[in-house]
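Grab a coffee and open the viewer. Here are a few short exercises on pockets, a ligand and some backbone oddities, each with a worked solution.

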Amino acid sequence: MADSPYLVSRLQGFGTTIFAEMSALAVATGSINLGQGFPDADGPPEVMDAAVAAIRDGHNQYPPGIGIPELRHAIVAHQAKWYSLEYDADAEVLVTAGATEAIAAALLALCEPGDEVVTFEPYYDSYAACIAMAGARRCVVQLRTPDFSFDPDALERAITPRTRVLLLNSPHNPTGKVFDVEELELIARLCVEHDLLAITDEVYEHLVFDGKHVPLATMPGMRDRTVTISSGGKTFSCTGWKVGWLCATPELVDAVKTVKQFLTYVNGGPFQYGIAVGLGLPGSTFRRLAAALEEKRDRLSAGLAAAGLTVLPSAGTYFVSTDIRSLGETDGMAFCRSLPERCGVVAVPSIAFYDDKDAGSPLVRFACCKRLEVIDDAAERLRGMAR
Ligand SMILES: Cc1ncc(COP(=O)(O)O)c(C=O)c1O
C-alpha cells in the first residue's frame, strides 16, 4: 500500500509493517499464523499471579518515571547473576514500554541528524524506522547465508567518521543467530577503536538453544559505552505486556530518559510487578522455558524440511529461517502471499528485513513459539502444499 501523502518524507516507504499485512491475511483466510512472533500459551504462573495481585493491591496509577523500584532492583540482580554486570538501580536502569520504546528513545537521544548507525541485515524492522525518525542514516553489514556469518572487513568498511552508534541484536531476529564471543570481541574492538556507542537488543537473551548468550557490555571497554536493552515479553511469553528496560551509565540513561519521558512517560504499572517476580525466578525455570522452545524449534524445523524447504540454522529466538529455492521458488514475498491459499499457513518474507533485496528475496521466516500440536498441524499443511 502506498504511504499517505501526509507522511513526512523521512518516513515515506515505511508503510504498513509486513506483520500487520500477514496477520490480517491469517485472519482473513483462517490460516495458522507462523508469521508474527507471539506465543499461544502463557508463561510462568508466578509472573501472571504477581501482575494480578498488583492490580488487586491497587498498583493501578502511574508508576515512577524510571520504573518501580522492585523491577529496577530485579533487573540489577538479574544482570549481576547472569552476566556479572553491576548497575546502580537508581541511576543506571530505565524501565520502558517494551524494548521497542527503549530502542526508539536510545536512537532519538543519541543520534544527531546525519549521524550513521551501523547494524546487521537482516534487521528487526523498527530499527530502520527509528533510525529514520532520528534523521540518521543506516549502514548495514550482511549476515550471509547459510550460516549467517559476517565479513569482518565489511563491518570495518561500514564504519566512517560519521558513525555514532553500532546497533546489535543478539540473539538475532529473524535469523536465530547468537553472536559468538569471537564476533563480539571484534565488534567491541571496533567500537572502542572508533569511539562508538553501542545499543544492544537482547530481548531473546534467555531463549538460546545452541551456544550461549553473551552481552556485548561484558566485552573489554564496552560496559560504559553500551546501552543494553531487553524486555520481559519474550522470556515470559507475555508479549502484550510491553515491559522493557535498559541498563547503561548514568549519563547515557539520563539522555535516553529525556526522550522516553515524552514518548510514553510510563506504562504497564501492574505488569512491572509481574516481570520483577519473573526476573527473580530460579535458573531452572529459565532453562525449562528455553528447553520447551527448543523442542518446538526442532519440531518446526523437521516439518519445514519435510515440506521441502531448506532450513537455516537457528540457535535461539522464536524463529526459524528457510530458503525457498529448494522448492524451485525465488520470490519470498509472492510465496508468503500465496501460502495461506495454498495450504493455510502464514509466514513472513525476510525481504522485509533486508536492504539488499536480492539477498533477502528467497528467505522466509517461520515462528516456532506455538504449541506443538499447532506446529504439527502447520507442518502437515505445508507437506500437502500445492506446488
Ligand atoms: C529483535 C526484537 N527486538 C525488539 C522486539 C520488541 O520487543 P518488545 O515487545 O519488548 O517491545 C522484538 C519483538 O518481536 C524483537 O524481535
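**Exercise 1. The second largest pocket**

Which helices each supply at least two residues of the lining of the second largest pocket?

Solution. Keep in mind that you're looking at a predicted model.
- Step 1: Look for α3 (69–83) and α10 (283–306), since each of these helices puts at least two residues into the lining of the second largest pocket.
- Step 2: Now ask who gives the largest share: that's α10, with three residues.
- Step 3: For scale, the second largest pocket holds about 350 Å³ of space. It has 14 lining residues, and W82, E205, H206, K212 and H213 are the closest to its centre.
- Step 4: Sort that lining by class and you get seven nonpolar, four polar and three charged residues.

**Exercise 2. The largest pocket**

Work out how much space the largest pocket has and what lines it.

Solution.
- Step 1: Start with the volume, which is about 1200 Å³ for the largest pocket.
- Step 2: Go to the walls. The lining of the largest pocket is made of 46 residues, with T17, I18, F19, D125 and S126 nearest the centre.
- Step 3: Pick out the helices. At least two lining residues come from each of α1 (18–29), α4, α5 (125–133) and α11 (332–343). The largest share is that of α5, at five residues.
- Step 4: Split the lining of the largest pocket by class: 21 nonpolar, 14 polar and eleven charged residues.

**Exercise 3. The ligand**

Find where the ligand sits, then list what surrounds and touches it.

Solution.
- Step 1: Go back to the largest pocket, because that's where the ligand is by the criterion that more than half of its atoms lie within 2 Å of the pocket's grid points.
- Step 2: Select the residues around the ligand. You should get G98, A99, T100, Y124, N169, N173, D201, V203, Y204, S231, K234 and K242.
- Step 3: Check which helix gives the most to this shell. It's α4 (residues 98–110), with three residues.
- Step 4: Classify the shell around the ligand: four nonpolar, five polar and three charged residues.
- Step 5: Now the polar contacts, using ligand oxygen atoms. For K242, a polar side-chain atom is 2.7 Å from a ligand oxygen. For Y204, an N or O atom of the side chain is 2.8 Å from an oxygen of the ligand. With A99 it's a polar backbone atom that lies 2.8 Å from a ligand oxygen.
- Step 6: Finish with the area. On its own the ligand would expose 400 Å², and the protein buries 93% of that.

**Exercise 4. Backbone oddities**

Which peptide bond is cis with omega near 0 degrees, and which is cis with omega near 5 degrees?

Solution.
- Step 1: Recall the background: most peptide bonds are trans, and most residues other than glycine have a negative phi.
- Step 2: Step along the chain to the bond from E121 to P122, which is cis with omega near 0 degrees. You'll find P122 in the loop between β3 (116–121) and α5.
- Step 3: Carry on to the bond from T145 to P146, also cis, with omega near 5 degrees. P146 belongs to the loop between β4 (137–142) and α6 (152–158).
- Step 4: While you're there, check phi of F148: it's near 60 degrees, a positive value in a residue that isn't glycine. F148 is likewise found in the loop between β4 and α6.

Note on methods:
Residues are numbered from 1 along each chain as its sequence is written. This is a predicted model: local features need pLDDT of at least 70, side-chain atom pairs count only at pLDDT 80 or more; totals for chains, interfaces and linings use all residues. Side-chain values use heavy atoms; hydrogens and water are left out. A residue is near a molecule or strand if one of its heavy atoms lies within 4 Å of it. A polar contact is a pair of N or O atoms within 3.5 Å; within protein, one must be able to donate a hydrogen and the other to accept it, and residues adjacent in sequence count only if both atoms are side-chain atoms. Accessible areas come from the Shrake-Rupley method with a 1.4 Å probe; for residues, only the protein chains shown count as cover. On a 1 Å grid over the protein atoms alone, a cavity is a set of points where a 1.4 Å probe fits but cannot get out, and a pocket is an open set with protein on both sides within 12 Å along at least five of seven lines; lining residues have an atom within 4 Å of a point. Helices (H or I, at least four residues) and strands (E, at least two) are DSSP runs, numbered from the N terminus. Ala, Val, Leu, Ile, Met, Phe, Trp, Tyr, Cys and Pro count as nonpolar, Asp, Glu, Lys and Arg as charged, and the others, Gly among them, as polar. Grid points are joined across faces, edges and corners, and a volume is the space filled by probe spheres set on the points.
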